Structures are given as C-alpha cells and as structure tokens.
Amino acid sequence: MKKNTICSLKPPRLIAWELTAGCNLSCKHCRGASTSQIPEGELNTQEAKNFIDEIIQMGNPILILSGGEPLVRKDVFEIAHYGTQKGLRIVLATNGTLITEKTAEKLLEAGIKRVSVSLDGASANSHDNFRGVPGAFNNSMKGIETLKNSGIEFQINTTVTKQNVDEIPHILKMAEDIGAKALHIFLLVPTGRGKELENEEISPFEYERVLNWFFEQQKVTPIQLKATCAPHYFRIMRQRVKREGGEISVKTHGYEAMTKGCLGGTGFCFVSSTGDVYPCGYLPVLAGNIRKLPFRDIWADAPVFKDLRDTSRLKGKCGVCEFKNVCSGCRARAYAQTGDYLAEEPYCIYVPKNEELHDPIR
C-alpha cells in the first residue's frame, strides 16, 4: 500500500452498502434488478464487521445500509449495531413495507439515526404500478407511521420519471404533511432493471425545469431537499443565486455549499453485497473487491477513481465547462449512453462559455 497516497486523499463521506440483493418487491427502476432470491456469495456477518473495521481506519463516513431490501437480511440489526458502536452514523434505505413495531424497536436499539423510505407516487395507484406489488404504498405508509411513533427520523426518496414527474409537487406536499425530515429526488439512470425504463427518462429540457422548480422549493419548504443523480443542480443553483444577486455560502445554503454534483469516486462509493466496489450503484465499472484488497487501497488506487477525481479528463463540453468542478455531469448516465464514463453528460442542455473550444469530434 502507498502510505503517502491515503494521507493526501480524503476518505469517502458517504458509502452506500448493498447489504443484500434480495428484496420483497420487484420495482421497474431497480438498479440491481433485485429479486426474492438472495444471491449466493454475499458477505457474511463477520466479513461485514471486518468491512466496518476497515472503514473506521480510514475515516468516519455516513454508512447507508441499502439493498435490495436490507430488512430481508436477518443480521441487519447486528451489523448496524456494530457500526454504531464503532462510531459510524448508520442510516437505512428501505421500501418501508417490512417495518413493524418490533422492527422499529430493533432499529432504535441498533442506533439507526434516519431511515429513508422510497415512494414514487403520491397515491397507491401510481406508486404500486411503479413498484410492481399491489398494496406496497399502503404498507410503506404504515411503516412510516410506525417510524414516527417510535421517534426515528425518516425521509422520502423518489425516482423521477415521465410516469411521475407531474406528481413531484404532490409528493413534496405529502412528505411535508406526514412529517418527513427530507425529500430526496433521484433522476432515473437507466441501469439494472431500470434499463427497461430508458424511454421513461424525462427529457433534458424537463430535467432542467424540474431542477429549477426544486431550487424554488428550497426557499419555501420546511423540509430539507436534495437532488441526487442530478449534478446539474449545482450549476443551476449557482446560476440562480448569481442572477438574484446573492452568493453561495454555508450560512445561506448549508451542506449544499460544501458539496458538488457527482460524488462518485470523490466523496462517495457503492459496495455490493458480494464486496465489489463501484463509484456509485449506477456506474458498473469495477474498482475492486474488498475480499481481495483492503478497502483503503481500492479507494486510493483504483484507476476508475483516479479518473473521476481528475476533472481535466472529462471529455466533450463537460471538459470545457466552467461548472465542471461543481457538477462533473452524471458519469453513470454518460457511461450508459456511450460506454465511456468520462464522456460528456448526455442530459445537459447547458452550453458552456468555452463551448467554442469544444471539438465535437474529440
């Protein structure tokens, strides 16, 4: 291991960990094409704890326990408790349908600080159609009510597609009404089973409209909003603030002033249930496997991570864009469309000021 490399490299701020690829639902947009059959070869309990030990040696990131559906894994509470004892902030990403009073009690005991529940519609009809299981919406809402009664913070995660883009204002209103701490919208990336929904991606112009609307809601909603898989937002935010005569600061924009668009390989990574490490769950370019290499070595030395950390390697209009260091474009979307994760973001309509320097053949 190159000891001097890790010292000069910031550890990840967020790690999304797919505890299992098993799930009780069959959602159309699923990144991992999860099923009720739990795959062989997933990290066992001890390997999971060893991974947490490796994380602690590097830093203190937020650890997101996800899936599939993490609650189908029997040792999820033991793993969460272990991470909490080690000093990590542990959060859980779930579809909410399996949360009972007993489950909520165990989550509290394990030290879970927040639970995200995925809702892709403001009604049973739209959500259940998306999720592929009748009754999913009602069961998720029951799970949310149980979380509220137990005192666990929760947020709503919503994947935006043509099917539900007009419902997003209603989903925000619902999130406010039921007491969510936050609403995170995810712009669809066509990977996994989501590849089948490629035609359901909203257009680049609609993308821009939604993110401008999102910026406006930041000013009036009492809950925290975050756009994920939507790095353009950080360009739009700066354009709007400048136009309105303001400036970006921690005091005025909080965490958003300290972060950037695409964090894959710079502040974030995804770890699969079998130990494979990727820049994010939507970019299937393998960085390494924690069963074969220490996590810190993968984080420091994987070629894909080094590429993503160097914005001078970006191609096309992303390479000459004045916002590339705060946006970087969605590398997963570029890869899905071109096979090159350094290619220009295909769903961005912005024309950089340096566009005249852009060679379209390059």
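Biologist: What makes strand β2 (residues 62-66) count as mostly covered?

Modeller: This is a predicted model, and the statement about β2 is a count of residues: four of its five residues are buried. A residue is called buried when its relative accessible area is under 20%, and since four of the five residues of β2 are buried, the strand is called mostly covered.

Biologist: How do you know that β2 is paired with strand β1 (residues 14-18), and in which sense do the two run?

Modeller: The two strands share five bridges and pair in the parallel sense. At least two bridges are needed for two strands to be called paired, and therefore the five bridges between β1 and β2 satisfy the criterion. As one example of the register, I15 has L63 in β2 as its bridge partner.

Biologist: How many bridges join β2 to strand β3 (residues 89-94)?

Modeller: Four bridges join β2 to β3, and these strands run parallel; the count meets the requirement of at least two, so they are paired as well. Here L65 stands opposite L92 in β3. In general, strands of a sheet pair through backbone hydrogen bonds, either parallel or antiparallel.

Biologist: Why are β7 (224-228) and β10 (288-289) called edge strands?

Modeller: The order of the sheet is β7-β6-β5-β4-β3-β2-β1-β8-β9-β10, which is an open sheet of ten strands with mixed pairing. β7 and β10 are its edge strands, each pairing on one side only. For β7, the partner is strand β6 (residues 182-187), joined to β7 by five bridges in a parallel run, and within that pairing A182 stands opposite Q224.

Biologist: Why is H127 called buried?

Modeller: H127 has a relative accessible area of 1%, and the cut-off is under 20%, so H127 is classed as buried. The residue lies in helix α5 (residues 124-131), where the buried residues are S126, H127, D128, F130 and R131. Those buried residues pack against β4 (114-118) and α6 (136-150). Following α5 comes G132, whose phi is positive, near 80°.

Biologist: What does the side chain of H127 have as a polar neighbour, and which residues does H127 contact farther along the sequence?

Modeller: A polar atom of the H127 side chain lies 3.0 Å from the backbone nitrogen of D120, a distance that falls within the 3.5 Å allowed for a polar contact. Once neighbours within four places in sequence are set aside, H127 is in contact with S118, L119, D120, G121, A136, F137 and S140.

Biologist: Is N157 buried or exposed?

Modeller: N157, whose place is in strand β5 (residues 153-160), has a relative accessible area of 11%; this value is under 20%, so N157 is called buried.

Biologist: Which side chains make polar contacts with the side chain of N157?

Modeller: One is the side chain of S116, at 3.3 Å, and another is the side chain of Q155, at 2.9 Å. Both distances are within the 3.5 Å limit, so each pair passes on distance. Not counting residues up to four places away in sequence, N157 touches S116, V117, S118, L119, D120, H184 and F186. N157 and L183 are 26 residues apart in sequence, yet their C-alpha atoms are 5.9 Å apart in space.

Biologist: How many cavities of 30 Å³ or more are there, and what is the volume of the largest cavity?

Modeller: There are three cavities of 30 Å³ or more, and the largest has a volume of about 120 Å³. It is lined by 13 residues, of which C318, C321, C327, G329 and C348 are the closest to its centre. The lining has seven nonpolar, two polar and four charged residues, and the cysteines are counted among the nonpolar ones because Cys belongs to that class. The second largest cavity has a volume of about 50 Å³, and its lining includes K260, C262, D307 and R331.

Biologist: What is it that makes a site a pocket and not a cavity?

Modeller: A probe of 1.4 Å cannot get out of a cavity, whereas a pocket is open. The second largest pocket has a volume of about 220 Å³. Ten residues line it, and K10, P11, R13, T266 and G267 are the closest to its centre; the lining divides into three nonpolar, three polar and four charged residues.

Technical notes
Residues numbered from 1 in each chain as written. Predicted model: local features only at pLDDT ≥ 70, side-chain atom pairs only at ≥ 80, totals over all residues. Heavy atoms only, no water. 1 Å grid on protein atoms, 1.4 Å probe; cavity = no way out; pocket = protein on both sides within 12 Å on 5 of 7 lines; lining within 4 Å. Points joined across faces, edges and corners; volume = space filled by probe spheres on them. Buried < 20%, exposed > 50% of the residue type's maximum accessible area, 1.4 Å probe, protein only. Polar contact = N/O pair within 3.5 Å; in protein donor to acceptor, adjacent residues only side chain to side chain. Contact = heavy atoms within 4.5 Å.
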